[in-house]
Amino acid sequence: AVMGQSCGGLQALEVARDDTRIVTIVMLNSGLFADGRALGSMTVKKDDLKKLRVPIAYFVGGKSDGATVNAEDDYKYLQAPTFKASMEVGHMATYAQPNGGKFAPAPVAWLKWQLRGDKGAEKMFVGKSCGLCTNAEWTVESKNFK
């Protein structure tokens, strides 16, 4: 798995684009810039998102998180199984709280599902009654899951 927070998410996409060992991507308060500009020496672009085939999850901090608009724009390009969840906690989420706060269990569950096949964790993301789907603190959207 590759994952990253903010700029780290962009780095995760850069690596995931060409590495066939990667089976899932987690974007934490991140997304490619909606205006198409690159960050530093990175070369990943919006069109590269169309080529990704592994499940990808975006966890963003709501309207006050500047990366939310980027994640929402990325979502339009992705054809891989994609899960996008937003909680109104801002760009740094609740990571400074003990155990990562209320934001942290979702990305951890994603990794348990994607890397270990944990059926309990899967229930947080799949189906109309998924755990995050029915949690009033989260706004979710997903596509291309079977």
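This report walks through a pocket, a cavity, a helix and a few buried loop residues. The model is a predicted one, so please read the values below as computed from it.

**The largest pocket**

A good place to begin is the largest pocket, with a volume of about 170 Å³. Its lining is made up of 14 residues, and those that lie nearest the centre are T68, E72, K84, S86 and T139. Three elements give two or more residues each to this lining: helix α3 (68-77), strand β4 (82-87) and strand β5 (138-143). The largest share comes from β5, with 4 residues. By character, the lining of the pocket divides into 6 charged, 4 polar and 4 nonpolar residues.

**The largest cavity**

Next comes the enclosed space. The count is 1 cavity of 30 Å³ or more, and the largest cavity holds about 70 Å³ of space. You can find its lining by looking for L10, L32, F33, G36, R37, A38, L39, M42, V44, K45 and K46. These lining residues divide into 7 nonpolar, 1 polar and 3 charged.

**Helix α4**

Now turn to helix α4, which has 12 residues and runs over residues 105-116. From its first C-alpha to its last, α4 reaches 16 Å, close to the 16 Å expected at 1.5 Å a residue.

Which residues of α4 are buried? They are A106, P107, A109, W110, W113 and Q114. These buried residues cover an arc of only 160 degrees around the axis, and therefore sit on the same side of α4. A general point helps here: an α-helix has 3.6 residues a turn, so residues three or four places apart point the same way.

What covers the buried residues of α4? The cover includes the strands β1 (2-5), β2 (25-28), β3 (56-60), β4 and β5, along with helix α5 (119-122). Just after α4, G117 takes a positive phi of about 70 degrees.

**Three buried loop residues**

Finally, here are three residues that lie in loops. T94 has its place in the loop between β4 and α4, and A93 lies in the loop between β4 and α4 as well. C130, in turn, is in the loop between α5 and β5. The cut-off for buried is under 20% relative accessible area, and the table gives the value for each residue.

| Residue | Relative accessible area | Class |
|---|---|---|
| T94 | 5% | buried |
| A93 | 15% | buried |
| C130 | 0% | buried |

Their contacts fill in the picture, leaving aside residues up to four places away in sequence. T94 touches V89, G100, G101, K102, F103 and A104. A93 touches N29 and F103. For C130, the contacts are K123, M124 and F125.

Two C-alpha distances help to place these loops in space. A93 and K128 are 35 residues apart in sequence, and their C-alpha atoms are 25 Å apart. C130 and A1 are 129 residues apart along the chain, with their C-alpha atoms separated by 22 Å.

Methods:
Residues are numbered from 1 along each chain as its sequence is written. This is a predicted model: local features need pLDDT of at least 70, side-chain atom pairs count only at pLDDT 80 or more; totals for chains, interfaces and linings use all residues. Side-chain values use heavy atoms; hydrogens and water are left out. On a 1 Å grid over the protein atoms alone, a cavity is a set of points where a 1.4 Å probe fits but cannot get out, and a pocket is an open set with protein on both sides within 12 Å along at least five of seven lines; lining residues have an atom within 4 Å of a point. Grid points are joined across faces, edges and corners, and a volume is the space filled by probe spheres set on the points. Ala, Val, Leu, Ile, Met, Phe, Trp, Tyr, Cys and Pro count as nonpolar, Asp, Glu, Lys and Arg as charged, and the others, Gly among them, as polar. The expected span of a helix is 1.5 Å times one less than its number of residues. Buried means under 20% relative accessible area, exposed over 50%, partly exposed in between (1.4 Å probe, protein chains only). The arc is that of the directions from the helix axis to the C-beta atoms. Contact means heavy atoms within 4.5 Å.
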